[in-house]
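Biologist: Could you walk me through this one? I have not looked at it before.
Modeller: Gladly; here it is, and then we can go through your questions one by one.

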There are 2 protein chains.
Amino acid sequence: MGTAERKGRDRAAREHRIVAAAQAIAEREGWDAVTVRRLADEIEYSQPVLYSHFKNRDAIVAAVAVEGFKELTAALREAASGSTGRNALKNVAQAYLAFALDRPALYDAMFVLPTDLRFAEAGTRPELRAGFEALAAVVTPFCVEVADVTETFWAALHGVATLERSGRIRPSARNERIALVVRAIVVSGKGPRAGG
Amino acid sequence: MGTAERKGRDRAAREHRIVAAAQAIAEREGWDAVTVRRLADEIEYSQPVLYSHFKNRDAIVAAVAVEGFKELTAALREAASGSTGRNALKNVAQAYLAFALDRPALYDAMFVLPTDLRFAEAGTRPELRAGFEALAAVVTPFCVEVADVTETFWAALHGVATLERSGRIRPSARNERIALVVRAIVVSGKGPRAGG
DNA sequence: AAGAATATCTAGCATTGCTAGATAAATAGC
DNA sequence: GCTATTTATCTAGCAATGCTAGATATTCTT
């Protein structure tokens, strides 16, 4: 009899509901509104049930972050498709910033709030690695040291996103900053190449 | 009689002790350990006294952040002095990253934790503007659009610092990333200039 | 020295993450 | 089918937090 399987599915579905509720509340009202009690209400179970799925609240945030990486990766791939070279770079950069600025709560889960998620290391979750690969793909044509340049590209986008989001740099100059970052990648290969 | 003045001084001194205690605890044990009760113990007054100095806990974090900007600005000026051009850029970039990585709690107060501090706007506190100016100073020789390039330089450094700190990019490649950022600034002027 | 203003404290509220211990439900053994 | 055991879930509560109302000292004014 498949009751064990059904139980497993039910459990997975409930876990998914928890993560979805956390993401929805966070995106609507911010992460402070995501309390364990509130999530318990939302899924119509008591608090301790959540702790049978996740070690603690941070683990729930981390689960939302993983969802965020899936979405970001999809957005970056979509942006890269149908263009090449410098245009692909620009489209990806714009898509990255659009994601960070349109989905601040999700972006916070991925990059600002404390989690144990790791990148660019052995044991990195595939969802995270895929995001990095999507960036690397558009960077590759312009350099030899792909890892270095991809990391720096990513860091630049991340910095622009977070500083703009917190009002520390002028939103009005976003396009100029994107252009500068793209240009930096284009000329970043070892030894100066003619701008592409 | 100067008792009013003395009272003012005493009050200012107490306020300074609060901020210093907050910074010390944060740097030793992290911001989670900085509770209002703990600060009250530290300065040997009761909790409500803190609320006569600061509107809420976030305002205390913001006060520490302002101290951080003073320190960062000093470090950047020091790094810039005695060198020019590309070397100044590199030294400043290294100093920025060293600050962010050596003083994570302070850096968090300045850039990660929620505060109302603004940059690059009317009404910005002078301590914050000074930091921006220190970056602008080393960027200026390389470009026309100083504000755009300074913001992008800063964002790149900020991104590198935060991603490296949270283990999302390889610490081993820091020098390569610094080199890329510096190179990007050097060639960032309107119209391609020969790399310096 | 009496009254007014200021400085400070005690005590408590409401909320949070998390958990021990009790109970209900499902499963297994016979 | 009935009982014993395991599994799933809940009730109730702890300790900590940010913050504040209201009471009490302390200092100033006249």
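Biologist: Let me start with a loop residue: is Glu44(B) buried or exposed?
Modeller: Glu44(B) is exposed, because 9 other C-beta atoms lie within 10 Å, and a residue counts as exposed at 12 or fewer. Please keep in mind that this is a predicted model.

Biologist: Where does Glu44(B) lie, and what is its phi?
Modeller: Glu44(B) sits in the loop between H2 and H3 of chain B, and its phi is positive, about 60°, although the residue is not a glycine. As background, most residues other than glycine have a negative phi.

Biologist: And what about Glu44(A)?
Modeller: Glu44(A) also has a positive phi of about 60° without being a glycine, and its place is the loop between H2 and H3 of chain A. Glu44(A) is exposed, with 9 other C-beta atoms within 10 Å.

Biologist: OK, switching topic. How is chain B related to chain A?
Modeller: A rotation of 180°, with 0.0 Å of shift along its axis, superposes chain B on chain A with an RMSD of 0.1 Å. The two copies are therefore related as by a two-fold rotation axis.

Biologist: How many residues does each chain put into the contact?
Modeller: Chain A gives 34 residues and chain B gives 34 residues. On the side of chain B that touches chain A, helix H8 (146-165) and helix H9 (174-186) of chain B each supply at least two residues, and the largest share, 14 residues, comes from H8(B). By class, that side of chain B has 18 nonpolar, seven polar and nine charged residues.

Biologist: Why do you say the copies meet through the same surface?
Modeller: Because 100% of the interface residues of chain B are also interface residues in chain A, the copies meet through the same surface.

Biologist: What does Leu157(B) touch?
Modeller: Leaving out residues up to four places away in sequence, Leu157(B) touches Gly159(A) as well as Ala93(B), Tyr96(B), Leu97(B) and Val181(B). Leu157(B) is also one of the residues with the most contacts inside the largest nonpolar core, which has 116 residues; Val64(A), Leu157(A), Ile185(A) and Ile185(B) are the others named there.

Biologist: Now the DNA. Which residues come nearest to DNA strand C?
Modeller: Of the 16 residues around DNA strand C, Thr35(A), Asn56(A), Arg57(A), Ser46(B) and Pro48(B) come nearest. Helix H2 (36-43) and helix H3 (47-53) of chain A, together with helix H3 (47-53) of chain B, each supply at least two residues of the surface near this strand, and H3(B) gives the most, with four residues. That surface has six nonpolar, seven polar and three charged residues.

Biologist: And which residues are closest to DNA strand D?
Modeller: Among the 16 residues that surround DNA strand D, the closest are Tyr45(A), Ser46(A), Thr35(B), Asn56(B) and Arg57(B). Here H3(A) has the largest share of the surface, four residues, while H3 of chain A, helix H2 (36-43) of chain B and H3 of chain B each supply at least two. The classes near DNA strand D are six nonpolar, seven polar and three charged residues.

Biologist: Back to a single chain: how many helices and strands are there in chain A?
Modeller: Chain A has nine helices and zero strands. Its C-alpha atoms fill a box of roughly 65 × 40 × 30 Å along the principal axes, and 39% of its 196 residues count as buried.

Biologist: Which residues of H5(A) are buried, and what covers them?
Modeller: The buried residues of H5(A) are Leu89(A), Lys90(A), Val92(A), Ala93(A), Ala95(A), Tyr96(A), Leu97(A), Phe99(A) and Ala100(A). What covers them includes helix H4 (57-80), helix H6 (104-111), helix H7 (126-139), helix H8 (146-165) and helix H9 (174-186) of chain A.

Biologist: How many residues of H8(A) are buried?
Modeller: H8(A) is mostly covered, with 17 of its 20 residues buried. From its first C-alpha to its last, H8(A) reaches 28 Å, close to the 28 Å expected at 1.5 Å a residue, and the helix is followed by Gly167(A), whose phi is positive, near 75°.

Biologist: Last one: where is Pro171(A)?
Modeller: Pro171(A) is in the loop between H8 and H9 of chain A, and this residue is exposed, with 9 other C-beta atoms within 10 Å.

Technical notes:
Residues numbered from 1 in each chain as written. Chains lettered and ligands numbered in written order. Predicted model: local features only at pLDDT ≥ 70, side-chain atom pairs only at ≥ 80, totals over all residues. Least-squares fit on C-alpha atoms with pLDDT ≥ 70 in both. Contact = placed C-beta atoms within 7 Å. Near = placed C-beta within 6 Å. Nonpolar A, V, L, I, M, F, W, Y, C, P; charged D, E, K, R; others polar. Core = buried A, V, L, I, M, F, W, Y, C linked by C-beta atoms within 7 Å. Expected span 1.5 Å × (residues − 1).
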